[in-house]
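Work through the exercises below on the cysteines of this structure. Each task is followed by a solution in steps.

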Amino acid sequence: MVFKTLKRSPKLLLLPLASIAISATATAKEGMFTPEQLPLIKKDLVATGLELPPETLTSLTEFPMGAVVSLGGCSASFVSDLGLVVTNHHCSRGSVQYNSTAENNYLADGFVAKTLSEELPAAPGSRIYVTVDFKDVTKDVIGSLDPKLTGRERYDAIERNQKNIIAECEKDEGHRCSVPSFHQGLEYKLIKQLEIKDVRIAYSPADSIGKYGGDIDNWMWPRHTGDFAFYRAYVDKDGKPADYSKDNVPYQPAHTIKVSAAGLDDGDFVMAAGYPGRTQRYQRLVTVEHTFGWSYPTWVALIEEWIDVIEKTAPEGSDARVKYESLLAGLNNFMKNTKGQIKGAKRVGLVERRAQREAELLEWIGDVKSRQKYRQAIADLDKLETEISAFNKASFLYNNANRSQMLSAAKRLYRLAIEKQKPDADREPGYQERDMDRIKQGLQRIDRRFDATVEQALWLMFIEKYAKQDKSQRVAEFDNLIGLGSDSRSNKFDEEKVAKTLAGFYQNTVLNDAEKRIALMDASVEELKASDDPFIKLAVATFDHSLDVENTSKVHAGKRATLRPQYMQAIIAWQASKGLLAYPDANSTLRVTYGNVIGGSPKDGMIYEPFTRLEGITEKDTGEEPFNSPKKQLELIEKKAYGDYALESLGTVPVNFLTDLDSTGGNSGSATLNSKGELVGLLFDGTFESVNSDWDFDPRTTRTIHVDTRYMLWVMEYIDDAKHLIDEMVIVR
């Protein structure tokens, strides 16, 4: 289930949700709570061990939440007055990879800037988002909408209102605003963030520490990974966000978090603040069945082949492998996670549990007249979700057949030219003036993440799968230009012919030149239509089909925007009738999750201790990647050179620790705080048995993995000569 127990009251249904108090007897630590929900769980927070007043956690602009930032996919936090930001190694690894070559490989060797001037620019498009305002705008988004609006009309109306709110908010230069929905469109909030554009790498350990255990240990326990790194935020001399410049200065945050070297132990209170991506705990059964019966197994099979092609065409030690390291890590992570999701769904009986929940909801609706609107909305939603699943299934192979970075660039440039013909307010989100820097930086990033030989092999693999499906699901304009021919009866695949055609694409394109790619941002529709570049010709030829697909998706989204809020109203009312509080699915906004340091026993005979030790690194070490700890580290462990960072109860330095915190993707880099709001670790992973918690929370098996600050500080002081960064932070000893 996905709810928190409330104190029972005969007046419960008469109270607004925000006035309901939660019982301190609740035991499950499930819940990625929005900060404004925390007063509702005040008693349980205090009973679990929080020493800070819970009310201080509600503001996104005060301590400690004001020190927690988003990287746009990962979480991080300020730990010094000079804009030093701590996050996970795997969150900054793409930027380290971008700066690496086979001859100067910071992934293998690590990187430490001894001075500010030595810090490296992060990959183009890297951002640090500092929240400065947050408010409810539900009435402004959907309050005045005609309830008769359906489909595309409702989608367009909501999008128009969101864009108007964002445009007004972003009149304050240097800020990025968003209007995400909560409870599946029942509520909307405006989030205003300072958008720091000059982000630099201050320190990143070598993969032999930051990625120790690699894909073998990923999602596994025991774990011995130093998954931490440091960025620094820079602004202009007036303190305003600006593009990279040698004249910029470190940003001075309003709030920073102290770093604890004092230790925490088994059973201690911890909480994590970060930006979890997406959970699916309210998805309907029809979507669960589609996802676990077809979507996830199909993705696993595809990604296994995807990884194999990259590894064969980009040999170890080559510059091509360095370029694809970040993608490989992401693919391996996704594949292992997805396999865990499938296995976990079977273990907990996810389909059966979801079916039971839906039956109980319908039983509650019963024949009560005031609830009948929920019954019809739920029936209509199930029908819609079935339709969407079928649509996505039919589009799957064609979407993947378009997985060429050059083709993606061409499509984006052509769409940009079309959108620039419109007034800015009428443009598609992603193509407004506020998005120009992102488009440019996305085009810049390609160079260090692209190799023509590797991409041709990948594209050929994707196209072969697409070509073998039923012709009715193929796109004639695409087929004709990539060498599949126009015979509507054939689904034979002539590999040699297609491979020759694709080779011609890469030999005759200008898009492999960064300057020419970026210059095409100013091209007109007519100029692009007249282009002889094969990728641009393909983008132009398939645009109408892409627009049809987009329009269908928007119709689906508009219908969802009508039906899902009614479904969530039913869920919230049903749970409130039982004394329970529903929290919104994760949506990449700031959330707080809390609990304790705790081991576990995910299945019979398997015991997880709460901490791992330095000595575990030595036990795992083989001298070969991914178990290739630096020689200096092994020598220090052998000498028991723990410095001031040993945990008394362990007799050594703790490396990683387990908690019962509720987390998901996007939580990576989240500040793990003790009862006083001091940094005791960074959240970076979950156990293999936990990954299914995106769909269904199991308090017995859900465990989250953190890197201990004592290990971070030990590595910085004794391995990587980064004590100057320790001196920059406030260390609590």
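**Exercise 1.** State whether C177 is buried or exposed, then do likewise for its disulfide partner.

Solution. C177 has a relative accessibility of 3%, so C177 counts as buried (buried means under 20% relative accessible area and exposed over 50%, with partly exposed in between, using a 1.4 Å probe and protein chains only). The partner of C177 is C169, and their sulfur atoms lie 2.0 Å apart; a disulfide is a pair of cysteine sulfur atoms within 2.5 Å. C169, at 10% relative accessibility, is buried.

The model is predicted: local features need pLDDT of at least 70, side-chain atom pairs count only at pLDDT 80 or more, and totals for chains, interfaces and linings use all residues. Residues are numbered from 1 along each chain as its sequence is written, and side-chain values use heavy atoms, leaving out hydrogens and water.

**Exercise 2.** Find the handedness of the disulfide of C169 and C177.

Solution. The torsion about the S-S bond is about -65°, so this disulfide is left-handed.

**Exercise 3.** Describe the disulfide of C74 and C91.

Solution. Start with the distance: the sulfur atoms are 2.1 Å apart. Next, the S-S torsion is about -80°, so the disulfide of C74 and C91 is left-handed. C74 sits in the loop between β2 (68-70) and β3 (75-78) and C91 in helix α2 (residues 89-98), so the pair ties together parts 17 residues apart in sequence. Helices (H or I, at least four residues) and strands (E, at least two) are DSSP runs, numbered from the N terminus. Last, C74 is buried at 12% relative accessible area, and C91 is buried at 16%.

**Exercise 4.** Give the pairing of the bonded cysteines in sequence order.

Solution. The structure has two disulfides. With the bonded cysteines of the protein chain numbered in sequence order, the pairing reads 1-2, 3-4.
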